[in-house]
Amino acid sequence: MNDFFIDFFNKIGENPNREGLLNTPNRVIKSWDKLYSGYNKDPKEILQNTFSEHKCDEMIVLKNIEFYSMCEHHILPFFGTISFGYIPDNKIIGISKLVEVVNIFAKRLQIQENLTTQIADTFMNELKPRGVMVVTEATHLCMIMQGIESKNAKLITSAVRGVFKDDARSRTEFMQHIK
């Protein structure tokens with residue numbers, strides 16, 4: 001067992017040699033491979049696989065993409081859904097690629113505000129659509145488990161780019177789709 005975990009167990013008043021804890025450090029480190037796997041992937045690579053033969057200039061919406069992430073301030077989970085919409089210019093992307101990009105950013109130490117912005121900016125920069133809108137709704141365990149212990153609070157963040165920023169009708173249409 002390494003010193004980090006020995007110090008941690010001692011700090012919280014636990015016996016690091018207790019049978020139930022002997023393999024805990026290995027399990028935690030193994031879980032980090034998945035929890036933080038977003039650092040090993042480049043979302044720009046995912047967005048290289050586009051389709052340009054299908055002309056589509058109407059809104060495309062994928063709602064309720066489930067995600068989980070880890071708060072960079074407390075190393076506690078936050079989780080919820082992301083709804084994503086874009087209006088293509090020349091390229092569309094497979095819907096599974098949208099989910100992959102969400103997961104790449106979510107599987108990093110994060111704050112929700114940055115997660116939402118990173119997704120929107122990456123799509124705008126890489127796909128060059130006419131507009132992108134992202135709405136994230138999440139429950140934060142740091143709000144539930146410690147601090148003010150607010151059990152039902154949900155944080156909603158949005159990022160609005162391109163035509164969605166300039167055209168209230170497009171924003172309204174997107175919001176109606178995700179209700």
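Me: Where in this structure is the place of asparagine 64?
Reply: Asparagine 64 is in strand β2. Strands here are DSSP runs of E with at least two residues, helices are runs of H or I with at least four, and both are numbered from the N terminus. Bear in mind that this is a predicted model: local features need pLDDT of at least 70, side-chain atom pairs count only at pLDDT 80 or more, and totals for chains, interfaces and linings use all residues. Residues are numbered from 1 along each chain as its sequence is written, while side-chain values use heavy atoms and leave out hydrogens and water.

Me: What makes the phi of asparagine 64 worth pointing out?
Reply: Its phi is positive, about 60°, although asparagine 64 is not a glycine. Most residues other than glycine have a negative phi. Isoleucine 75 has a positive value too, with phi near 55°, and this residue is in the loop between β2 and β3.

Me: Why is asparagine 64 called partly exposed?
Reply: The label depends on relative accessible area: buried is under 20%, exposed is over 50%, and partly exposed is in between (1.4 Å probe, protein chains only). Asparagine 64 comes out at 46%, so it counts as partly exposed. Isoleucine 75 gets that label as well, at 45%.

Me: How many disulfides does a search of the whole structure find?
Reply: Zero. A disulfide is a pair of cysteine sulfur atoms within 2.5 Å. Take cysteine 71: the nearest cysteine sulfur belongs to cysteine 142 and is 4.4 Å away, so cysteine 71 is in no disulfide.

Me: Is cysteine 71 buried or exposed, and how do you know?
Reply: Cysteine 71 has a relative accessible area of 6%, so it is buried. Cysteine 56, on the other hand, has 24% and is therefore partly exposed.

Me: What makes the link between glutamate 100 and lysine 97 a salt bridge?
Reply: A salt bridge needs a side-chain nitrogen of Lys or Arg within 4 Å of a carboxyl oxygen of Asp or Glu. The side chains of glutamate 100 and lysine 97 meet at 3.3 Å, N to O, so the pair passes. Both residues lie in helix α4, three residues apart, about one turn of the helix. An α-helix has 3.6 residues a turn, so residues three or four places apart point the same way.

Me: How many salt bridges does the whole structure have?
Reply: The search finds five. Among them is arginine 18 with glutamate 14, where the closest N and O atoms are 3.0 Å apart. Another pairs aspartate 167 with arginine 169, at 3.5 Å. Arginine 169 is exposed, because its relative accessibility is 65%.

Me: How do you know that the length of helix α4 makes sense?
Reply: The expected span of a helix is 1.5 Å times one less than its number of residues. For the twelve residues of α4 (95-106) that gives 16 Å, and the end C-alpha atoms are 17 Å apart, so the two agree. The buried residues of α4 are Leu98, Val101, Val102, Ile104, Phe105 and Ala106. Their cover includes α3 (43-46), β2 (60-71), β3 (77-87) and α5 (112-127).

Me: Why is alanine 138 called buried?
Reply: Alanine 138 has a relative accessible area of 0%, so it is buried. This residue is in strand β6 (residues 131-140). Leaving out residues up to four places away in sequence, alanine 138 touches several residues, including Phe67, Phe78, Phe79 and Gln112. Touching is a matter of contact, meaning heavy atoms within 4.5 Å.

Me: Which residues form the nonpolar patch on the surface?
Reply: Phe4, Phe8, Ile12, Ile29 and Trp32 form it, with about 500 Å² of accessible area together. The elements giving two or more residues to the patch are α1 (3-11) and α2 (24-35). Patch residues have over 30% relative accessible area and no salt bridge; nonpolar side chains (Val, Leu, Ile, Met, Phe, Trp, Tyr) are joined within 5 Å, and like charges within 9 Å. The areas come from the Shrake-Rupley method with a 1.4 Å probe, and for residues, only the protein chains shown count as cover.

Me: What makes isoleucine 12 exposed?
Reply: Isoleucine 12 has 53% relative accessibility, so it counts as exposed. Its place is in the loop between α1 and α2.
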